[in-house]
Amino acid sequence: MRRAFLVVIDSAGCGGAPDADGFFNDGVPDTGANTLGHIAQLCAAGEADEDRAGPLRMPHLDALGLGAAVRLASGDATPGLDAEPAGLWGAATEISKGKDTPSGHWELAGVPVPWDWTYFPKADPAFPDDLVAEVCRLAGTDGILGNRHASGTVVLEEEGARHLETGWPICYTSADSVFQIAAHEEAFGLERLLKLCQDLAPTVHAMRVGRVIARPFVGRPGAFQRTSNRHDYAIAPPSPTLCDWVQDAGRAVHAVGKIGDIFSMQGIDDVVKGPDADLMEHLVDLVGSAEDGSLTFANFVEFDSQYGHRRDVAGYARALEWFDTQVPRLLGAMRKGDLMIFTADHGNDPSWTGTDHTRERVPVIGAGLGTHAIGNVGFADVAASIATHLGVPASGPGKSFQ
């Protein structure tokens, strides 16, 4: 029985989204944003030489078709990524009206989002009074801190000391459909924070806000640091996804990274979490050991969280180059009949204005089907194709490119 591995390089978009003019960063449309293309261009121009140097080096993914996928999606030049494709390669276009994590992952799993997400206004305060009152009731506090759009690291610098003094949770949002709560793991308590977010999630989900995110941190004023104990409480997908299709067929579904949170563990048997370097070790192990007929669904988030939102081109390039050095380990552990697809859920161009995700097509490249050009496909076609490969029934709008 065949196996499938779907690996999301979080935010590694490749430009060219036909509706990018309808999505914005600080009032500027995303037209022309291209995460991978612009990183490659800036590296080749010597403008991303912090702890690395020269053109973007991703020979293993490029050999499968990464550079060709970027050029197909956007028409942009990809200096340093010019190999002749030897794997499955193409690009995917999203139809969901969002450029966020749940929208991208759900649609890759065969389910476009059927509603418009709710976003909190860029105002101070940002949250309605009744929502603030509910947070206070659940937390047992007289107030909250933050209550605005903010960077997760910056808001700790601004509110962390007061949080330790008052015990009030730090609540903030972003251009995504999220409600985030930061609290000190020791002073506030990690379990208390997780319970607060879990208890608040139904109220926030009823508002069509996609996620409540627990953001624990440690340290002292001037030296606060977020931990890896983040937990996302996401609204459940509106219909069965690829994970459910595989599980309903009696097969195992393994999640690596934040996949379990994104899908509310719906259709998932087990999950491992941790920093990206640890997740890579788990993924390599699963490629070597996962059962026949299984699906492994992985997300590597640090491209997005550490470098995209922070508009760090050199950091993003270093992360991409590290990931590429791991690809031979993954491909070398594959068995005959396996399919491994590398893709992304949205863009987050570190050369762009603002700090939000960018609306882009995403690359779809892979190993296991030989040289196979798939052209421009839909996000949902990825799910349909994996279902075809595994021989399980599929539903939804996707069409297999196999």
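**Salt bridges, helix packing and backbone geometry**

K195 and D199 both belong to helix α7 (residues 185–206), where four residues, about one turn of the helix, separate them. In this predicted model, their side chains form a salt bridge with an N to O distance of 2.6 Å. D199 is partly exposed, at a relative accessible area of 31%.

A second salt bridge pairs R329 with E281, with 2.9 Å from N to O. This pair links distant parts of the chain, since R329 sits in helix α12 (residues 313–333) and E281 in helix α10 (residues 276–289), 48 residues apart. Both partners fall in the range between 20% and 50% that defines partial exposure: R329 has a relative accessibility of 33%, and E281 has a relative accessible area of 37%.

A third salt bridge joins the side chains of D356 and K99, at 3.3 Å from N to O. D356 is in the loop between β14 (339–343) and β15 (362–367), while K99 is in the loop between β4 (88–93) and α4 (101–108), so the bridge ties together parts that lie 257 residues apart in sequence. The cut-off for a buried residue is a relative accessible area under 20%. D356, at 9%, is therefore buried, and K99, at 8%, is buried as well. In total, the structure contains 19 salt bridges. R148, E158, E159 and R162 are connected by such bridges into a network.

The overall fold comprises 13 helices and 16 strands. For 402 residues, a compact globule would be expected to have a radius of gyration near 21 Å, and the value of 20 Å found for the protein agrees with this. The C-alpha trace extends over about 60 × 50 × 35 Å along the principal axes. Of the 402 residues, 59% are classed as buried. When contacts between residues at least 6 apart in sequence are considered, 69% of them join residues at least 24 apart.

Two helix pairs were examined for packing. Packed helices are described by the angle between their axes and by the distance between those axes. Helix α1 (residues 35–44) packs against α12 at an angle of about 105 degrees, with an axis separation of 10 Å. Because angles from 65 to 115 degrees count as roughly perpendicular, α1 and α12 are assigned to that class. On the α1 side, the contact is made by T35, L36, I39, L42 and C43, and on the α12 side by V313, Y316, A317 and L320. Sorted by class, this contact has eight nonpolar residues, one polar residue and no charged residues.

The other pair consists of α4 and helix α13 (residues 379–390), whose axes are 6 Å apart and meet at an angle of about 40 degrees. With this angle, α4 is oblique to α13. G104, E107 and L108 of α4 are in contact with F379, A380, V382 and A383 of α13. By class, the α4 contact with α13 has five nonpolar residues, one polar residue and one charged residue.

G288 is located in helix α10. At a relative accessible area of 43%, G288 is partly exposed. Leaving aside residues up to four places away in sequence, G288 touches R3, A333 and R335. The C-alpha atoms of G288 and L330 lie 8.6 Å from each other, although 42 residues separate the two along the chain.

Backbone geometry was considered at three sites. Most residues other than glycine have a negative phi, and most peptide bonds are trans. The peptide bond from D124 to P125 is cis, with omega near 10 degrees. P125 is placed in the loop between α4 and α5 (129–139). S11, which is not a glycine, has a positive phi near 80 degrees. S11 occupies the loop between β1 (4–9) and β2 (24–25) and is buried, with a relative accessible area of 0%. D51 likewise is not a glycine and has a positive phi, of about 60 degrees. D51 is found in the loop between α1 and α2 (59–64). At 67% relative accessibility, D51 counts as exposed.

Technical notes: Residues are numbered from 1 along each chain as its sequence is written. This is a predicted model: local features need pLDDT of at least 70, side-chain atom pairs count only at pLDDT 80 or more; totals for chains, interfaces and linings use all residues. Side-chain values use heavy atoms; hydrogens and water are left out. A salt bridge is a side-chain nitrogen of Lys or Arg within 4 Å of a carboxyl oxygen of Asp or Glu. Helices (H or I, at least four residues) and strands (E, at least two) are DSSP runs, numbered from the N terminus. Buried means under 20% relative accessible area, exposed over 50%, partly exposed in between (1.4 Å probe, protein chains only). Axes are lines fitted to C-alpha atoms, for helices over the stretch in contact, and angles run from 0 to 180 degrees between N-to-C directions. Angles under 35 degrees count as roughly parallel, over 145 as roughly antiparallel, 65 to 115 as roughly perpendicular and the rest as oblique. Contact means heavy atoms within 4.5 Å. Ala, Val, Leu, Ile, Met, Phe, Trp, Tyr, Cys and Pro count as nonpolar, Asp, Glu, Lys and Arg as charged, and the others, Gly among them, as polar. The radius of gyration is taken over C-alpha atoms; the globule rule is 2.2 Å times the number of residues to the power 0.38.
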